Amino acid sequence: MSPKMSSQAGLSRLGAQIAPIVIVCAIVFALPLILNNDFLLNKVARYLVLGILTISLALSWGFGGILNLGQAMSFGIGSYAMAMALKLKTVPVHTGSGGLPDFMVWNNVARLPWFWEPFKSLGFALAAGIIVPALVATGLGWFIFRSRVTGVYVSIITLATMVVLNLVIIDQQSYTGGFNGITDLAQLEIFGMAFDAYGRATFYLVASCVTLSLLVAFAFTRSKAGLIVQAIRDHEGRVRYFGYDVAAYQIFVFALSAAISGLAGMLYTVVMEFASPTFLGVQLSLSVVVWCAVGGRQSLVGAFLGAVLVAGMQGALSESAAFLETWTLVMGALFVLVVLFLPKGLAGLAQGAWRWIVERRRPSRGVTQSVGEAREGSA
Amino acid sequence: MDQFFEQIITGLSIGSILLLVALGLSIIYGSMGIINLAHGEFVMLGAYSAWLFQTYFGLGLLASLVLIFVVVAAIGWIIERFVLSLLNNRPLDTILATWGVGIMLQQGVRLLVGSELRYVQLPPSLSDSMDVFGLSVSSYRVFLFGVTLALFAATWLLLNRTTMGMKLRAIMQEPSVAASFGINVRSVHGITFAYGAGLAGLAGALVSPLKSVSPDMGTGYVVDAFMVVVLGGVQSLAGTVASAFILGELSGAIAFLQNDTVAKALVLLAIVVLIRFRPEGLFTTRVRA
């Protein structure tokens, strides 16, 4: 194959990979035109946020091979960062005496704790919602990957760490709102623009963040670092023998994934209008894994759609308790089937169908096809 | 001093329940490499079987123990046969598959029996308390401790003194070589999983008089039991025993000094640090991986 041809093939492959992202983002932005109901729009925004969270897991799990069972930890940190800032913005009626949040007054806290102080600045909170999860992930990643802990043990450590943080938040009621979380928040206002949870502005904010997350994650998977991360997933030892610092790459993808889920957490607080310990609970964390697996862990768009569809379906059925319970049962069965027979999820199914169509229409293009198949075989 | 002994006994009691749940998990994980997140659901099924036998057949807890073991083991065997045996050499996927199975079991029970709390009666012969080192301890807890040790002994004998155990140990070393010597890997795996599930069912049945029975009662146990297995070392039964009682005493002591939440958080943190520095567990001598 001449270099020119290969670069052309590369370009068309790039096009084929970015097309689904463009289509999905366009649909997301067009949704408010179809959905003429603020309540419904808010619900959809919620599913989109969960979609962002699932993209972040696809990055670390599907591409990095790191099954993070505590993905919701970064999500929760982001969510609390936003909630703390918005709580301090509430009008004095809600905040009790001296600008203290109401739950602190109920718990006889005399003055604002030091770690609440900086959250009086919204800018700080917005930065913290992304940077703190990334820093925590870097620390945890350093702790895990520098000692070459792999596989199942990574999952146990991430899960246990999240449970610890969850327990601490519930236990320290006077500083965190405990089991109830942080409620009665002010509206987010950036540069004079108010983001009402049920308004269009919030929906477009979420849609923009979906696009941003998809593009950042996609760019990373196409970068050199992203390729090395995928190589580490497939064979850690070989990459190490080539002289790469395996742990550094793992820590990076771990932190990037945490930053994205921190962003999702902040949006979740805006859309839900509260923050709660359940946002970093085991239940949510495992649900994210399910969404990711069903949608396709090795496809960013697939993972995103998996979350939106499954969570959306669950939400739609939750009107009736009997439906919901049956649905949970069906969900469990579906999940087992996907794990057993569709390791690449629905995205893998779609890719297979697409390849089948292309193959039938253009039998002459054997070269690209065999490249595709060779990649398939090595994965 | 009395308080000290009381703490020790509380710890032993927590530890024996932990061990009971962890024993089955340890066997399944240690010998098959399956991270069984449905283990808590087997515990729950055991508790529900106890309730079922008591309410509909009038059988006391002690009389139905064997039946409960058989019922839950059979369910475990079916799951191994039709789900897990399809997942050879994909240990991370077993986490996902067993979690899905767990949801199905939990939801199935919720749909069939309802999500109300159920109660199982203490066996009348064990409802009084007895004197241990000058302290009054509930007889049932002493009984639990005894049963736990007996089950541990039985498991150890099965593994180390029977042909079945020998086959299993051969498979643990190297499945393909074991298979070439004529050992039926699939059937041994099926029986092992069934045995582990049965043990979990017994644990659930034995715990049921102490706690209320509900469809999601197993969730808490599986995390704790998993920590026991990790702490004890994956392929070491004796390690599992030691770590169950260490964790029991530890959480008992910290809960006494601080509170339950702090105890749980500290124990989890300790385990995270332990995995970092000794992923093979505290009590394992390196075996062939």
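Angles between helix axes under 35 degrees count as roughly parallel, those over 145 as roughly antiparallel, those from 65 to 115 as roughly perpendicular, and the rest as oblique. In this predicted model, helix 9 of chain B, residues 218-232, packs against helix 10 of chain B, residues 237-257, at an angle of about 125 degrees, with the axes 8 Å apart. Helix 9 of chain B and helix 10 of chain B are therefore oblique to each other, and helix 9 of chain B passes helix 10 of chain B in a right-handed crossing. To this contact helix 9 of chain B brings B:Met227, B:Val228, B:Val229, B:Leu231 and B:Gly232, while helix 10 of chain B brings residues including B:Gly239, B:Thr240, B:Ala242 and B:Leu247. By character, the residues of this contact comprise seven nonpolar, four polar and no charged.

Between the chains, the contact takes 31 residues from chain A and 31 residues from chain B. On the side of chain A that touches chain B, two or more residues each come from helix 7 (151-171), helix 13 (282-295) and helix 15 (321-341) of chain A, and helix 7 of chain A gives the most, with 14 residues. That side of chain A divides into 23 nonpolar, six polar and two charged residues.

The largest nonpolar core has 195 residues, of which A:Leu48, A:Val49, B:Val21 and B:Ala47 touch the most other members. Helix 12 of chain A, residues 246-272, gives the most to this core, with 18 residues. Leaving aside neighbours within four places in sequence, A:Leu48 is in contact with A:Val28, A:Val206, A:Ala207, A:Val210 and A:Val308. A second, separate core of five residues includes B:Leu159, B:Leu168, B:Ile171 and B:Ala178.

Definitions and conventions. Residues are numbered from 1 along each chain as its sequence is written. Chains are lettered from A and ligands numbered from 1 in the order in which they are written. This is a predicted model: local features need pLDDT of at least 70, side-chain atom pairs count only at pLDDT 80 or more; totals for chains, interfaces and linings use all residues. Axes are lines fitted to C-alpha atoms, for helices over the stretch in contact, and angles run from 0 to 180 degrees between N-to-C directions. Helices (H or I, at least four residues) and strands (E, at least two) are DSSP runs, numbered from the N terminus. A crossing is left-handed if the near helix is turned anticlockwise from the far one by less than a right angle, and right-handed if clockwise. Two residues are in contact if their C-beta atoms, placed from the backbone, lie within 7 Å. Ala, Val, Leu, Ile, Met, Phe, Trp, Tyr, Cys and Pro count as nonpolar, Asp, Glu, Lys and Arg as charged, and the others, Gly among them, as polar. A nonpolar core is a set of buried Ala, Val, Leu, Ile, Met, Phe, Trp, Tyr and Cys residues joined through C-beta atoms within 7 Å. A residue is buried if 20 or more other C-beta atoms lie within 10 Å of its own, exposed if 12 or fewer, and partly exposed in between; C-beta atoms are placed from the backbone.
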